[in-house]
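Reader: I should be grateful for a close look at the open spaces of this protein, together with the sheets and helices around them. Please treat the matter as one connected account.

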Amino acid sequence: MRILGAIEAGGTKFVCGVGHEDGTIIERVSFPTTTPQETMGLVLDYFTGKNVEAIGIGSFGPIDPVLGSPTYGHITTTPKPHWGGYNLVGAVAGQFQVPVGFDTDVNGAALGEYTWGAAQGLDSCLYITVGTGIGAGAVAGGELIHGLSHPEMGHILVPRHPEDTYSGFCPYHGDCLEGLAAGPAIGSRWGKPAGELPADHPAWAMEAHYLAHALMNYVLILSPQRIVMGGGVMKQSQLFPLIHAKLQELLSGYVQHPALNAEIGSYIVPPQLGDNAGLSGAFGLAKLALARA
């Protein structure tokens, strides 16, 4: 079986791995995300001598994933210091003469769950991560969704919770979904990180309000066959039933399908691949790049 390389390029750390084309991870390492020179030096050193046949990169963004674009393979308008305009694909392809697959980290995770995880065997899915930021990727008809660029579903506008006076932390939009519901917003609003708030804290009903409004939009626009929710905030398992109930309330019976009624507990689910969703997705991107080569 062919050996592939994978890079999950996150804003906090880069996770790199080597594995088989069936998604099996042979080994993995991680490096802190500091400067491109330092972090990418460690990444390139790691893959030297591994003899991988392709490398997939799922990156924090925004990025340019459009083949043929002058800035294809670049990280673009990220607020992450030093990384704006960095040619991530160029750095990898320039070092290793193998096909390189490239997309957002959440599109990669969606591909991973679609290929090997919670959405395996379906025709479509949505993957949303709720952590330091909020992002979502989608598979439809077996293909990752792109357009002018890649989806930015974490920056949609959602109705404010009637008791929420927090202004929002997004540097671009203030009170978009990410600005109101990502981990930093929870910590800033309540004075403690999400992981330190008890399960019965009012923070969770407010969080479910925002996430359910977002999911309502995604369900009505994309109609995915499964929604997978990951990221650090979603490790608070009490959120899932709150989101299920709030989404059903918002839809108000308009979309009639068992997945949105009696079976909602198996429709909106945590990642089956767990913390490996992003890395597995990068293996999927490598597999696609190898098929295109």
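Author: The account below takes the two sheets in turn, then the pockets and the cavity, and finally one loop residue. The model is a predicted one.

One open sheet consists of five strands in the order β3-β2-β1-β4-β5, and its pairing is mixed. β3 and β5 (100-104) stand at its edges with a single partner strand each, so one side of each has no neighbour in the sheet. On average, neighbouring strands of this sheet are turned by 15° against each other, direction ignored.

Both senses of pairing can be followed here strand by strand. Strand β2 (residues 13-20) is antiparallel to strand β3 (residues 25-32), with seven bridges between them. Within this pair, cysteine 16 has valine 29 of β3 as its bridge partner. The two strands β2 and β3 form a hairpin, with four residues between them. In the turn of that hairpin, glycine 23 has a positive phi of about 95°. Strand β1 (residues 3-9), by contrast, pairs with strand β4 (residues 55-59) in the parallel sense, over five bridges. Alanine 9 is placed opposite serine 59 in β4.

Two helices may be described along with these strands. Helix α8 (residues 277-292) packs on the sheet and touches β1, β2, β3, β4 and β5. The direction of α8 makes about 130° with that of β1. Helix α1 (residues 36-47) lies across β1, β2, β3 and β4, and it runs at about 15° to β2.

A further open sheet of five strands has the order β8-β7-β6-β9-β10, again with mixed pairing. Its edge strands are β8 (143-144) and β10 (268-269), each of which pairs on one side only. β6 pairs with strand β9 (residues 227-230) in the parallel sense, over four bridges. In that pair, tyrosine 127 has valine 228 of β9 as its bridge partner. Helix α6 (residues 202-222) lies across β6, β7, β9 and β10 and runs at about 155° to β6.

The open spaces can now be set against these elements. The largest pocket has a volume of about 1600 Å³. It is lined by 49 residues, of which Gly11, Asp105, Thr129, Thr132 and Gly133 are the closest to its centre. Two or more lining residues come from each of β2, α3 (105-116), β6, β7, β9 and α8. β2 belongs to the sheet described at the outset, whereas β6, β7 and β9 belong to the sheet that ends in β8 and β10. By class, the lining of the largest pocket divides into 20 nonpolar, 20 polar and nine charged residues.

The second largest pocket has a volume of about 340 Å³. Of the 17 residues that line this second pocket, Asp103, Leu144, His146, Leu288 and Arg292 are the closest to its centre. β5, β8 and α8 each supply at least two residues of its lining. Here β5 and β8 are both edge strands, β5 in the sheet with β3 at its other edge and β8 in the sheet with β10 at its other edge. The lining of the second largest pocket divides into ten nonpolar, four polar and three charged residues.

As for enclosed space, the structure holds one cavity of 30 Å³ or more. About 30 Å³ of space lies in the largest cavity. Its lining is formed by Ser124, Cys125, Ala138, Val139, Ala140, Ile145, Leu222 and Pro224. β6 (124-130) and β7 (134-140) each supply at least two of these residues, and β7 gives the largest share, with three. The lining of the largest cavity has seven nonpolar residues, one polar residue and no charged residues.

The last detail concerns a loop. Serine 69 is located in the loop between β4 and α2 (88-95). With a relative accessibility of 22%, serine 69 counts as partly exposed, because that class lies between the limits of 20% and 50%. The C-alpha atoms of serine 69 and serine 149 are separated by 10.0 Å, while the two residues are 80 residues apart along the chain.

Key: Residues numbered from 1 in each chain as written. Predicted model: local features only at pLDDT ≥ 70, side-chain atom pairs only at ≥ 80, totals over all residues. Heavy atoms only, no water. Pairing = 2+ DSSP bridges. 1 Å grid on protein atoms, 1.4 Å probe; cavity = no way out; pocket = protein on both sides within 12 Å on 5 of 7 lines; lining within 4 Å. Points joined across faces, edges and corners; volume = space filled by probe spheres on them. Nonpolar A, V, L, I, M, F, W, Y, C, P; charged D, E, K, R; others polar. Contact = heavy atoms within 4.5 Å. Axes fitted to C-alpha atoms, helices over the stretch in contact; angles between N-to-C directions. Buried < 20%, exposed > 50% of the residue type's maximum accessible area, 1.4 Å probe, protein only.
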